[in-house]
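Got your viewer open? Load the model, reset the view, and let's walk through it one selection at a time.

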Amino acid sequence: MQIGYPKLSAQKDQHDGYSETLVEFLIAAIGGTIDKLSLQNYLEKWWISHILESDMEYKELLERSP
């Protein structure tokens with residue numbers, strides 16, 4: 001579904017960065033050197049700042065789309 005969100009490219013870049021960072025944490029965990037506190041802080045920041053702020057920027061467009 002396309003809703004005409006003007007910041008779609010930036011949104012995609014943010015999600016790509018999120019995925020890349022999680023892969024780095026996973027690789028560290030596989031190697032036995034996971035930093036649990038850093039992972040927790042990263043996820044908390046992402047969920048609060050990205051999902052509750054950035055994702056909410058296109059909420060109205062979704063609600064208006066058929």
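What share of the contacts with a separation of 6 or more comes from residues 24 or more positions apart? In this predicted model, such pairs account for 71% of those contacts.

Start with the whole chain as a cartoon. You'll find three helices and zero strands, so go ahead and colour by secondary structure: reading along the sequence gives α-α-α.

Now switch to a C-alpha trace and orient along the principal axes. The C-alpha atoms fill a box of roughly 45 × 20 × 15 Å. The radius of gyration tells a related story: the protein has 15 Å, while a compact globule of 66 residues would come in near 11 Å.

Next, turn on the surface. About 5300 Å² is exposed, and carbon and sulfur atoms supply 60% of that area. If you colour by burial instead, buried residues come to 17% of the 66.

Time to zoom in. Select residues 36–54, which is helix α2, and pick out Leu52 within that helix. Is Leu52 buried or exposed? Its relative accessibility is 55%, and since anything over 50% is classed as exposed, Leu52 counts as exposed.

Keep Leu52 on screen and add Trp47, Ile48 and Ile51 as sticks: together with Leu52 they make a nonpolar surface patch of about 380 Å². Show the surface over these four residues to see the patch in place.

Last stop: zoom back out to the full α-α-α chain, with Leu52 still highlighted in helix α2.

Notes
Residues numbered from 1 in each chain as written. Predicted model: local features only at pLDDT ≥ 70, side-chain atom pairs only at ≥ 80, totals over all residues. Heavy atoms only, no water. Patch = residues over 30% accessible without salt bridge, like charges linked within 9 Å, V, L, I, M, F, W, Y side chains within 5 Å. Areas by Shrake-Rupley, 256 points an atom, 1.4 Å probe, with all protein chains shown as cover. Salt bridge = Lys/Arg side-chain N within 4 Å of Asp/Glu carboxyl O. Helix = DSSP H or I, 4+ residues; strand = E, 2+ residues; numbered from the N terminus. Buried < 20%, exposed > 50% of the residue type's maximum accessible area, 1.4 Å probe, protein only. Rg over C-alpha atoms; globule rule 2.2 N^0.38 Å. Contact = heavy atoms within 4.5 Å.
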